[in-house]
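Please look through the following chain step by step, beginning with a single loop residue and widening the view from there.

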Amino acid sequence: MKYISHSVEETEQIAINLASKLKGNEVIAFFGGLGMGKTAFTRGVCKGLGFNDGVQSPTFSLVNQYDATYTVYHFDMYRINTYDDLYSTGFFDYIDTGVLIIEWSENIENALPDDYIRIEISHGDNENERIIDIEGIEL
């Protein structure tokens, strides 16, 4: 399903709606370039799950943990280039332990579980507009 967001707030609201459908063990994989709103979407998911203490991209830590209704593990796979790199993050140990949200999923697409939620975010017609294409869950 495609959604059009005209602001960060609208992106977060779409994510809050998605959060209401989660059961606690999903893998949410983002696809889209720099500045598309992946972290804003993650912030909305966390808000929807009751976590409001600040969400930041885990660029240098590789994974941030947020304790919400379900534990959320927020990964940044930007620097992951090989299976060995991925394995060293401990990624596989996190599957089925909470909600995994993965930025830069392009780099690990072959390692994602079959039932992952795919979210592709791209530019719309103006600077703040985003087209958010969500597959794998109905909102």
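Thr89 sits in the loop between helix H3 (83–88) and helix H4 (91–94), where helices (H or I, at least four residues) and strands (E, at least two) are DSSP runs, numbered from the N terminus. With a relative accessibility of 14%, Thr89 counts as buried; buried means under 20% relative accessible area, exposed over 50%, and partly exposed in between (1.4 Å probe, protein chains only). Once its neighbours within four places in sequence are left aside, Thr89 is in contact with Leu62, Met77, Ile80 and Tyr94, a contact being heavy atoms within 4.5 Å.

Before going further, the basis of these statements should be clear: this is a predicted model, in which local features need pLDDT of at least 70 and side-chain atom pairs count only at pLDDT 80 or more, while totals for chains, interfaces and linings use all residues. Residues are numbered from 1 along each chain as its sequence is written, and side-chain values use heavy atoms, with hydrogens and water left out.

Helix H3 also holds Asp85, which at 27% relative accessibility counts as partly exposed. Apart from residues up to four places away in sequence, Asp85 touches Arg79 and Ile80. Asp85 and Ile108 are 23 residues apart in sequence, and their C-alpha atoms are 9.9 Å apart in space.

Beyond H4, the loop that leads to strand S5 (99–103) contains Asp96, a residue that is not a glycine and yet has a positive phi of about 70°. Asp96 is exposed, with a relative accessible area of 57%. In the loop between S5 and S6 lies Trp104, another residue other than glycine with a positive phi, in this case near 65°; unlike the exposed Asp96, Trp104 counts as buried, at 15% relative accessibility.

The view can now widen to the whole chain. The protein chain has four helices and seven strands, and from the N terminus on these elements run β-α-β-α-β-β-α-α-β-β-β. The radius of gyration of the chain is 14 Å, close to the 14 Å that the globule rule gives for 139 residues, so the chain is as compact as a globular protein of that length; the radius is taken over C-alpha atoms, and the rule is 2.2 Å times the number of residues to the power 0.38. Taken along the principal axes, the box filled by the C-alpha atoms is roughly 40 × 30 × 25 Å. Of the 139 residues, 47% are buried, and among the contacts with a separation of 6 or more, 61% are between residues 24 or more positions apart.

Which residues of helix H2 are buried? They are Lys38, Thr39, Ala40, Phe41, Thr42, Gly44, Val45 and Cys46; eight of the eleven residues of H2 (residues 38–48) are thus buried, so this helix is largely enclosed by the rest of the structure. Just after H2, Gly50 takes a positive phi of about 90°.

Strand pairing (at least two bridges found by DSSP between two strands) gives a further way through the fold. S3 and strand S4 (residues 71–76) pair in the antiparallel sense over five bridges, and a hairpin joins S3 to S4 through three residues. Along S3 (residues 63–67) the side chains alternate, with Asn64 and Tyr66 buried and pointing to one face, while Val63, Gln65 and Asp67 point to the other and are not buried. Tyr66 has Val72 as its bridge partner in S4. Gln65 is partly exposed, with a relative accessible area of 48%, and, not counting residues up to four places away in sequence, touches Thr71, Val72 and Tyr73.

Strand S6 (residues 117–123) has pairings with two strands, as follows. Four bridges join S6 to strand S2 (residues 27–31), and these two run parallel, whereas six bridges join S6 to strand S7 (residues 130–135), and these run antiparallel. Arg118 takes part in both pairings, as the bridge partner of Ala29 and as the residue opposite Glu135 in S7. Between S6 and S7, which form a hairpin, there are six residues.
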